[in-house]
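Subject: Structure handover

Dear colleague,

Here is the structure we spoke about handing over. Please look through it first; my notes come after it.

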Amino acid sequence: MECKKCLLPVVTKDQPHIYCNALCAAVYHAACVKLNTAELAAVSPPNKNSCWMCDECLVEFVQWRKEHSEKIKEPIAATVPEPTCVLQRDVDELKAKVASILSVITSHENNHSDTTSWIRHSTPNSSRQKEGGTSEIANASDTASRLPDSICVDENFDLLLTNIDGSVSEEEVHLMVSRCLGTLDNERINVRKLVPRWVDCDALDYVSFKVVLNRKWKSAAMMSSTWPKNIRFREFKKVRCPWKPDIL
């Protein structure tokens, strides 16, 4: 190998030398490029954080870097939008989405405001239901008339049957319960129509009945397959809230 500068042979084992890390990759005597021992050690392997280039390659590298940097800066400056423009665009998109949502909600309310009506019924202490919807029947209140005390309370099972036409009588419900459960003729079943005397049953969409049975019929009475279609049922829960005068 010859030194690119002095054109004399380079003895790699005996003479300090260095290779150009650029395109030419030529070898030089350290003395020819004026590198002392410390400088040579700083730019030679195994040091990976530095490199050395000859004068010719260094000039070409500086020129290339200058031209390349100018080409990169121009399109970046032209395409990067101002921060205010980005924020304004996001705000406009959010406003459009909110307006669309409000339009859908308003349309939905207008379509359903005139089609819903309250169902009139006699189920005690229950929340009103709208036509076409379903809701769980609330606990019955103690405003319903008490059934006879001849049945032992410990053996009782109170059942609420509802969604029954207002024209149905207590006797008809009694007969229906006996047939559905298969009770004996002499078995006591008490049925009470939960409608105040001053209310016209024909004005109600449906009425409710309280049925007192022997507790042995509870399992069968709580099965939907026991009752005719469209009849709703649940256990009748007693809620007692006695009145007393306020303390003066």
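The notes below go from the whole chain to its strands, salt bridges, cysteines and a few single sites.

This is a predicted model, in which local features need pLDDT of at least 70 and side-chain atom pairs count only at pLDDT 80 or more, while totals for chains, interfaces and linings use all residues. Residues are numbered from 1 along each chain as its sequence is written, and side-chain values use heavy atoms, with hydrogens and water left out.

Overall fold

The protein chain has five helices and six strands. Both are DSSP runs numbered from the N terminus, with helices being H or I of at least four residues and strands being E of at least two. In sequence order the pattern is β-β-α-α-α-β-α-β-β-α-β. Of the 248 residues, 29% are buried. Buried here means under 20% relative accessible area, exposed means over 50%, and partly exposed is in between (1.4 Å probe, protein chains only).

The chain exposes about 18400 Å², and carbon and sulfur atoms supply 55% of that area. The areas come from the Shrake-Rupley method with a 1.4 Å probe, and for residues only the protein chains shown count as cover. Among contacts in the chain with a separation of 6 or more, 59% are between residues 24 or more positions apart. A contact means heavy atoms within 4.5 Å.

Strand β3 and its partners

Strand β3 covers residues 156-164, and eight of its nine residues are buried. It pairs with strand β5 (residues 207-214) in the antiparallel sense over seven bridges; strands count as paired if DSSP finds at least two bridges between them. In this pairing D158 of β3 stands opposite V212 in β5. β3 also runs antiparallel to β6, with four bridges joining the two. There, L161 stands opposite F233 in β6. As background, side chains in a regular strand alternate between the two faces of the sheet.

Salt bridges

How many salt bridges does a search of the whole structure find? The count is five, where a salt bridge is a side-chain nitrogen of Lys or Arg within 4 Å of a carboxyl oxygen of Asp or Glu. In general, side chains of opposite charge can pair when their charged atoms come close. Three of the pairs are described here.

E56 forms a salt bridge with K4, with the closest N and O atoms 3.4 Å apart. E56 lies in helix α2 and K4 in the segment before β1 (17-19), so this pair ties together parts 52 residues apart in sequence. E56 is exposed at 52% relative accessible area, and K4 is partly exposed at 34%.

R192 and E170 meet through their side chains in a salt bridge of 4.0 Å, N to O. Because R192 is in strand β4 (residues 190-193) and E170 is in helix α4, the pair ties together parts that are 22 residues apart in sequence. R192 is partly exposed, with a relative accessible area of 25%, and E170 is partly exposed at 27%.

The side chains of E235 and K218 form a salt bridge at 3.5 Å, N to O. This pair links distant parts of the chain, with E235 in strand β6 (residues 232-235), K218 in helix α5 (residues 218-221), and their positions 17 residues apart in sequence. E235 is partly exposed at 21% relative accessibility, as is K218 at 28%.

Cysteines

No disulfides are counted, a disulfide being a pair of cysteine sulfur atoms within 2.5 Å. The cysteine sulfur closest to that of C3 belongs to C6, and at 3.6 Å it is too far for a bond. C3 is buried, with 0% relative accessibility. C180 is partly exposed at 27%.

Single sites

L58, F61, V62 and W64 make a nonpolar surface patch of about 390 Å². Patches are made of residues with over 30% relative accessible area and no salt bridge; like charges are joined within 9 Å, and nonpolar side chains (Val, Leu, Ile, Met, Phe, Trp, Tyr) within 5 Å. V62 of this patch lies in helix α2, which spans residues 55-79.

S178 is in helix α4 (residues 170-181) and is buried, at 17% relative accessible area. Leaving aside neighbours within four places in sequence, S178 is in contact with T183 and I189.

Regards
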